[in-house]
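Hi everyone, thanks for making room for me this morning. I'd like to walk you through one model, so please have a look at it before I start talking.

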Amino acid sequence: LYQRFIRPDATMTQMLRVNRISVLIIVLSATITSFMIDSIIDAIHIATFIASAAYFFPLMGGIYWKRATREGAMASLIAGGSVQILLATLDLINTPAMAPPWLETISPLLMGHGVIAGMAVGGVVFVGVSLATRKPESIRLAPFFKDEAENLAAKSVATNPSVPLDPAFPAEITESNTGDRIRLHCRFRADRPLDWPIFMAKLTQTHPAWITPAGPDAACRLTRPDMLACVTVTRGDDVSDIWLRAEPRREQAHALRREMQAALGEVSGVLPV
């Protein structure tokens, strides 16, 4: 969360400091909580209730609802989790030893430390904030909804996959079986270290078929509605290493080898001279 949303340019030293502080907070929180819980089973129940209130709607909504937004998911996570933590804390504090849970004496709907109420708050916040914020772009929906991927692939301007690989950039495409699919992999090394964000920006600007649905760390050459079959480029072992991969179905393997060659030509064409 810190590196992705707060400090994308955080150094390893800063990340190490944040990790150490986070560990201290977690340990202190667990120590304080341990004085309020009688058994490990109760702890598992409470953790499950908090996770349900915080994550259920962001996860299910993100998979099945196109109108879900990341703002809605984040707001739901915070609201649902916070309410559930508060309800569980109040229930533990106000329940005498060997007595029924305090919240259950108020209403049967508040059984399980009020998890139904916590999930309800998370769901209402998720829907409300998602509807109040801008609809996600098709590029964000394509990995999860086939019709969005088909529409996006139809609009993409892709290089002809029959174009042969430039002899100046030879590379071996390895092949392995993964069930009903074939995994194609190609490794390419640039002549000099890459500034990855600049490289990815240039690739997507020069060739509109390349998109970055999951951020600037990887790009997908969207030429097919099946995104697993599309060629994807990611960074390799070091700043000069580039990996291209695709997992087409067996009957698509030959065509995807040609597309991978075309993709490699596009990648090499935007490398710094």
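D180 is partly exposed, with a relative accessible area of 47%. Here "buried" means under 20% relative accessible area, "exposed" means over 50%, and "partly exposed" is in between, using a 1.4 Å probe and protein chains only. The side chain of D180 meets that of R249 in a salt bridge, 2.7 Å from N to O. This pair links distant parts of the chain, with D180 in the loop between β1 and β2 (181-189) and R249 in the loop between β6 (241-246) and α10, 69 residues apart. R249 counts as partly exposed too, at 33% relative accessibility.

A word on the ground rules. This is a predicted model, where local features need pLDDT of at least 70 and side-chain atom pairs count only at pLDDT 80 or more, while totals for chains, interfaces and linings use all residues. Residues are numbered from 1 along each chain as its sequence is written, and side-chain values use heavy atoms, with hydrogens and water left out.

By salt bridge I mean a side-chain nitrogen of Lys or Arg within 4 Å of a carboxyl oxygen of Asp or Glu. By this rule the count comes to 12 salt bridges. When I say helix or strand, these are DSSP runs numbered from the N terminus: H or I with at least four residues for helices, E with at least two for strands.

Which residue does E175 pair with? Its side chain meets that of R257 in a salt bridge, 3.3 Å from N to O. E175 lies in strand β1 (residues 173-178) and R257 in helix α10, so this bridge ties together parts 82 residues apart in sequence. E175 is partly exposed at 48% relative accessibility, and R257 is partly exposed at 29%.

Helix α10 has another bridge for us: E259 pairs with R224, and their closest N and O atoms are 3.1 Å apart. Since E259 lies in helix α10 and R224 in the loop between β4 (218-221) and β5, the pair ties together parts that are 35 residues apart in sequence. Are these two buried or exposed? Both E259 and R224 are buried. There is also a network of salt bridges linking R187, R189, D238 and D241.

Let's stay with α10 (residues 253-269), where we find L256. L256 counts as buried, at 0% relative accessibility. Leaving aside neighbours within four places in sequence, L256 is in contact (heavy atoms within 4.5 Å) with L184, R224, A229, V231, A246 and P248. So R224, the salt-bridge partner of E259, turns up here as a contact of L256. L256 and C230 are 26 residues apart in sequence, yet 7.8 Å apart in space, C-alpha to C-alpha.

T234 sits in strand β5 (residues 231-235) and is buried, with a relative accessible area of 18%. Not counting residues up to four places away in sequence, T234 touches W196, D217, A218, D241, I242 and W243.

Now for the helices. Helix α4 (residues 70-94) has 25 residues and reaches 36 Å from its first C-alpha to its last, close to the 36 Å expected at 1.5 Å a residue; that expected span is 1.5 Å times one less than the number of residues. The buried residues of α4 include G72, A73, G80 and G81, and what covers its buried residues includes α3 (40-64), α5 (102-106) and α6 (111-132).

In α6, the 22 residues should span 32 Å, and the end C-alpha atoms are 32 Å apart, which agrees. What covers the buried residues of α6 includes α3, α4 and α5. One residue of α6 to look at is H113, whose phi is near 55°, a positive value in a residue other than glycine. H113 counts as buried, at 16% relative accessibility.

Finally, the whole chain. There are 10 helices and six strands, and 34% of the 273 residues count as buried. The C-alpha atoms fill a box of roughly 80 × 40 × 35 Å, taken along the principal axes. Of the contacts with a separation of 6 or more, 62% are between residues 24 or more positions apart.

That's my tour, and I'm happy to go back to any part of it.
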